Amino acid sequence: ARLRTTLATGYMLRLLLALATADALLLLAPRRLASRRAGLASMTLEISPPDGFVWGVNLDEGSPPPPSPPPSAALLFDCDGVLVETEELHRVAYNMAFEEFGLQIAGAPVVWSKEYYSFLANTVGGGKPKMRYHFTGLGAPEGARTHQDTAKVWPAPTARGGAVPADEAAGMALVDELQDFKTECYKQLVTKAGPRPGVLALMDSAIAAPGIAVGICSASTRGGFEKVVDAVVGQERLARLDVVIAGDDVSRKKPHPEIYNVAAQRLGLSSADCVVVEDSIVGLRAAKAANMRCVITYTPETQAEDFYAEGADAKLLDFSSGVEVGALFSPEGAVLPELLPGVRDPRP
């Protein structure tokens, strides 16, 4: 409904009437209030000189705001290890699934150590590909390092019948069941996780910046991913993002660049206009294969990796120093030639 009231006298009367009829705070300056991303009600206030005030209120409850200009650049966050340190929670959840199924190889239980899971996290992206790699040795990028703990043989699920998968199809069916159970375990564990230092402040800074699109691109399955973003990012902030992609939404996992290519396509941007925040070699390779700039916030599990040798544009432990969007993009919304100057770890 549109209400337009013209009052001839009395500044306070005009103000009170406008506030009562609009049921909102109207600032004494001509402006239009509308969310750039959220579908909030729009409101317009017009003020003429004091001897003839004209209050114009446009209340379109539920109607979408006017379309925003297309973004000129994007800041894309990985989830696990970037928004929140969850890799140890993933490892614990996998081991819970292995124990539930009674997985054994040559009579010994299947257990992933911290050191081995760190290797997996920096070699293969996605949960199912990690298990497939562990049980078959297949699926790692060409030239990837190997590890002595990689089993390269299918396990016996002793608590579920005990039959060792006869072929890869049967093995992947077991992997599907393990992943489903692991996801439920992880969803319970992750509810108490907190954000990494400074990352939400950077996200909020980017959301508020005109022309900068913001998104999350996670290799995790949507079930586990949604628990993380609900607990850490929050629904209000999540609703203001421009693109959110989970591992289920793409057919090829990191280090393949598909997830970042899809994000750029959905935003209508070239890869050169995108900056990715990652925490692992796998994620870095995905970003660089998509021809995007990449900042690494490493974790205790990944700090020994040579990220600069793999093409990282900047690396640092976290954003606790108060990094804002201006350290990545110009006021005009262009990716800076040098990312995080004075903040990032020095190159060797």
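In this predicted model, the count of cavities of 30 Å³ or more comes to five. The largest cavity holds about 310 Å³ of space, and 26 residues form its lining, with D80, E87, G126, K130 and A219 lying nearest the centre. Several helices take part in enclosing this space, since α2, α3, α4, α5 and α10 each supply at least two residues of the lining. When the residues of that lining are divided by class, seven are nonpolar, eleven are polar and eight are charged. In general terms, rolling a probe the size of a water molecule over the atoms shows where empty space is left.

Open space was examined alongside the enclosed cavities. The largest pocket contains about 240 Å³ of space, and its lining is made up of 17 residues, among which K128, P129, T221, G247 and K253 lie nearest the centre of the pocket. The elements that contribute two or more residues to the lining of this pocket are α4 and α5, and both of these helices also appear among the elements that each give at least two residues to the lining of the largest cavity. By class, the pocket lining consists of two nonpolar, ten polar and five charged residues.

The chain as a whole provides the setting for these spaces. It has ten helices and 13 strands, and 48% of its 348 residues count as buried. The accessible surface of the chain comes to about 16,100 Å², and carbon and sulfur atoms account for 55% of that area. Among the contacts between residues at least 6 apart in sequence, 63% join residues that are at least 24 apart.

The interior was then considered in terms of its nonpolar side chains, which in soluble globular proteins tend to be buried together. The largest nonpolar core has 44 residues, and F77, M203 and I216 are those with the most contacts inside it. At least two residues of this core come from each of β5, α5, α6, β9, α7, β11 and β13, and the largest share, six residues, is supplied by α6. Once neighbours within four places in sequence are set aside, F77 is in contact with V82, L83, V199, L202, M203, V214, G215, I216, C217 and V277, a list that includes M203 and I216, which are named with F77 as having the most contacts inside the core. A second, separate core of 28 residues includes A74, L76, A264 and Y308.

Helix α6, which spans residues 199-208, is largely enclosed by the rest of the structure, because seven of its ten residues are buried. The buried residues of this helix are V199, L200, L202, M203, S205, A206 and I207, and among them V199, L202 and M203 are in contact with F77. The elements against which the buried residues of α6 pack are the strands β5 (73-77) and β9 (212-217) and the helices α7 (222-233) and α8 (235-238).

Helix α3, which covers residues 114-121, is likewise largely enclosed by the rest of the structure, because six of its eight residues are buried. These buried residues are Y116, Y117, S118, F119, L120 and A121, and they pack against α2 (87-101), α4 and α10 (281-289). The elements α2, α4 and α10 also join α3 in supplying at least two residues each to the lining of the largest cavity, so that the description of α3 returns to the space with which this account began.

Some local features of the backbone complete the picture. Most residues other than glycine have a negative phi, and most peptide bonds are trans. The peptide bond from K254 to P255, however, is cis, with omega near 15°, and P255 is placed in the loop between β10 (243-245) and α9 (258-267). A positive phi, near 65°, occurs at N291, which lies in the loop between α10 and β12 (293-297). With a relative accessibility of 58%, N291 counts as exposed, because the cut-off for that class is over 50%. Phi is also positive at L340, near 55°, and this residue is placed in the segment after β13. In contrast to the exposed N291, L340 is buried, with a relative accessible area of 0%.

Key: Residues are numbered from 1 along each chain as its sequence is written. This is a predicted model: local features need pLDDT of at least 70, side-chain atom pairs count only at pLDDT 80 or more; totals for chains, interfaces and linings use all residues. Side-chain values use heavy atoms; hydrogens and water are left out. Buried means under 20% relative accessible area, exposed over 50%, partly exposed in between (1.4 Å probe, protein chains only). Helices (H or I, at least four residues) and strands (E, at least two) are DSSP runs, numbered from the N terminus. Contact means heavy atoms within 4.5 Å. A nonpolar core is a set of buried Ala, Val, Leu, Ile, Met, Phe, Trp, Tyr and Cys residues joined through side-chain atoms within 4.5 Å. On a 1 Å grid over the protein atoms alone, a cavity is a set of points where a 1.4 Å probe fits but cannot get out, and a pocket is an open set with protein on both sides within 12 Å along at least five of seven lines; lining residues have an atom within 4 Å of a point. Grid points are joined across faces, edges and corners, and a volume is the space filled by probe spheres set on the points. Ala, Val, Leu, Ile, Met, Phe, Trp, Tyr, Cys and Pro count as nonpolar, Asp, Glu, Lys and Arg as charged, and the others, Gly among them, as polar. Accessible areas come from the Shrake-Rupley method with a 1.4 Å probe; for residues, only the protein chains shown count as cover.
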